[in-house]
Amino acid sequence: MSNKDLDIRPFMDMPVSEFRKYGHQLVDWIADYLNEIEKYPVLSQVNPGDIFNRIPDVPPEKGEDIENVLHDVDKILMEGITHWNHPGFMAYFNSTSSGPGILAELLTAGLGINGMLWKTSPAFTEIEKAMMNWFRQIVGLPENYWGIIYDTASTSSMHAIASAREQLGLGFREKGMAGRNNIPKLTIYYSEQAHSSIDKAAVTLGIGLEGIRKIPVNKNYEMIPDELESAIEDDLSNGYAPFCVVATVGTTSTTSVDPVELISEICEKYNLWLHVDAAYAGVTAMIPEMKWITKGWESADSIVINPHKWMFTPMDLSIYFTRKPEILKQAFSLTPEYLKTNRDDEVENLMDYGIQLGRRFRSLKLWFVIRYFGVEGLAERIKYHIELAQELAGWIDDEKDFKRMAPVPFSTVCFRYNPGNKAEEELNTLNEKLLETINASGKIFLSHTKLNEKFVIRLTIGSIRHQRKHIVEAWELIKECAGKVK
Ligand SMILES: Cc1ncc(COP(=O)(O)O)c(C=O)c1O
């Protein structure tokens, strides 16, 4: 038979030889990039539109050589990249990618599998299950916690609050929320310092901004349990229906830790779902000295921890643990005929536990990262970051023109430039200018927050490439820039 009879067409995928050649080239490129990353300014210096304007307005009619495309990575893309893997990146919570994590991402794309059902790749579901079992032990949670991987903490927390709503048994799944006059006004509670993803989840789930109660914090930015209880009491006496509390372990601005154990007692008393947002700080539970952060976790209904924030796992990977997977399933499981399989009675189909059908093979990254570094290796690295942050906090405390603005339980330091005899407003402007000057240097990238209306600079240590010298140099640069701002 000729190729014509077989209908073998000449326009299939990239030839294997070409894939192999450019695959090797690209891996070399990534290796060099990571090795020489400090030659780039950490924060991209482009203006809005600069990258867009370099891309032709219309797509190419004919295919191009992959060589041209790769060439444009350097020519077009790199200037518009803010380098999260750069050790000068100390803004936000600086997720970094480690070698094994990057290799796992490559393999994920190569395999190209979709783990919506057990049958659509048994290894997918079973590696995820095994990794959840490992990770549960790594952070010291009891066996009754069941875990699943989502993309981000925002998604994990949305599923937590959806479960809390489902647990009420008010028939939302069947009847919805709109137009029903027998539905009480639901209220959810979290501290003023909780992450905005919780507000978004409440908005998405029909709780509405008016159903949110932001509980005051103490001077260390931790939720005040008495304030929580009186807000619940107030709402109950005014006909509202409290249903969920979110406690944060490692808040975004200052990394403060809410008193989970006391909060859990209140949740128990009022029969409320307790979700713990430990997106950033949860990984520190693997360090024996940091075990204190898990106090009260065993009473939580759900917990989120993000390895993509501080466990050297490339974006994205968020772990959601719950003691009540059956409620999650009740809220989200829905199987059309075309997704039924002959193994459904024997297996877990992960599509049943969330809004998405298609699922990326994220657990592969965990498998690679945990095996390559080992739990000890991961804990050592994270502990080193905490020690560096303590050291920086000490330098700030010793400098009379700087002030530390919050305790440092983990690896994030909040501070401001505080030369004497300046009004609050002036200090805010001064620190804003200082941050701009620091970031314009291209050497480090810091972020900011506001605490009690005070503009505060945040520095986070958490990159797998962070060495003590980077923190020493960052501190020298901060002081040098402070000398320049007026
Ligand atoms: C405490 C906390 N929760 C949730 C989030 C949201 O994380 P994600 O980007 O994974 O949705 C963040 C992000 O920084 C955070 O700090």
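Below is a short chat about a predicted model of a protein with a ligand.

Colleague: Which residues come nearest to the ligand?

Modeller: In this predicted model, the ligand has 13 residues around it, and those that come nearest are Ala153, Ser154, Thr252, Asp277 and Asn306.

Colleague: And what does the side chain of Ser154 do there?

Modeller: A polar atom in the side chain of Ser154 lies 2.5 Å from an oxygen atom of the ligand. On the side of Asp277, an N or O atom of the side chain is 2.6 Å from a nitrogen atom of the ligand, while the side chain of Lys309 has an N or O atom 3.1 Å from a ligand oxygen.

Colleague: How much of the ligand's accessible area does the protein cover?

Modeller: On its own the ligand has 390 Å² of accessible area, and the protein covers 87% of that. The space that the ligand takes is the second largest pocket.

Colleague: Which helices supply at least two residues of that shell?

Modeller: Helix H6 (153-167) does, and so does helix H11 (307-310). By residue type, the shell is made up of eight polar, three nonpolar and two charged residues.

Colleague: Changing topic, how many helices and strands are there in the protein?

Modeller: The protein has 15 helices together with 11 strands.

Colleague: What about the radius of gyration, and what would a compact globule have?

Modeller: The protein has a radius of gyration of 25 Å, which agrees with the value near 23 Å for a compact globule, because the chain has 486 residues. Along the principal axes, its C-alpha atoms fill a box of roughly 85 × 60 × 45 Å.

Colleague: Now the backbone: where is there a cis peptide bond?

Modeller: Met315 and Asp316 are joined by one, with omega about 0°, and Asp316 belongs to the loop that runs between H11 and strand E7 (318-322).

Colleague: And which residue other than glycine has a positive phi?

Modeller: Tyr92 is such a residue, with phi near 45°, and it lies in the loop between helix H3 (66-77) and helix H4 (99-111).

Colleague: Why point these two out?

Modeller: Because most peptide bonds are trans, and most residues other than glycine have a negative phi.

Definitions and conventions:
Residues numbered from 1 in each chain as written. Predicted model: local features only at pLDDT ≥ 70, side-chain atom pairs only at ≥ 80, totals over all residues. Heavy atoms only, no water. Near = heavy atom within 4 Å. Polar contact = N/O pair within 3.5 Å; in protein donor to acceptor, adjacent residues only side chain to side chain. Areas by Shrake-Rupley, 256 points an atom, 1.4 Å probe, with all protein chains shown as cover. 1 Å grid on protein atoms, 1.4 Å probe; cavity = no way out; pocket = protein on both sides within 12 Å on 5 of 7 lines; lining within 4 Å. Sits in = over half its atoms within 2 Å of the grid points. Helix = DSSP H or I, 4+ residues; strand = E, 2+ residues; numbered from the N terminus. Nonpolar A, V, L, I, M, F, W, Y, C, P; charged D, E, K, R; others polar. Rg over C-alpha atoms; globule rule 2.2 N^0.38 Å.
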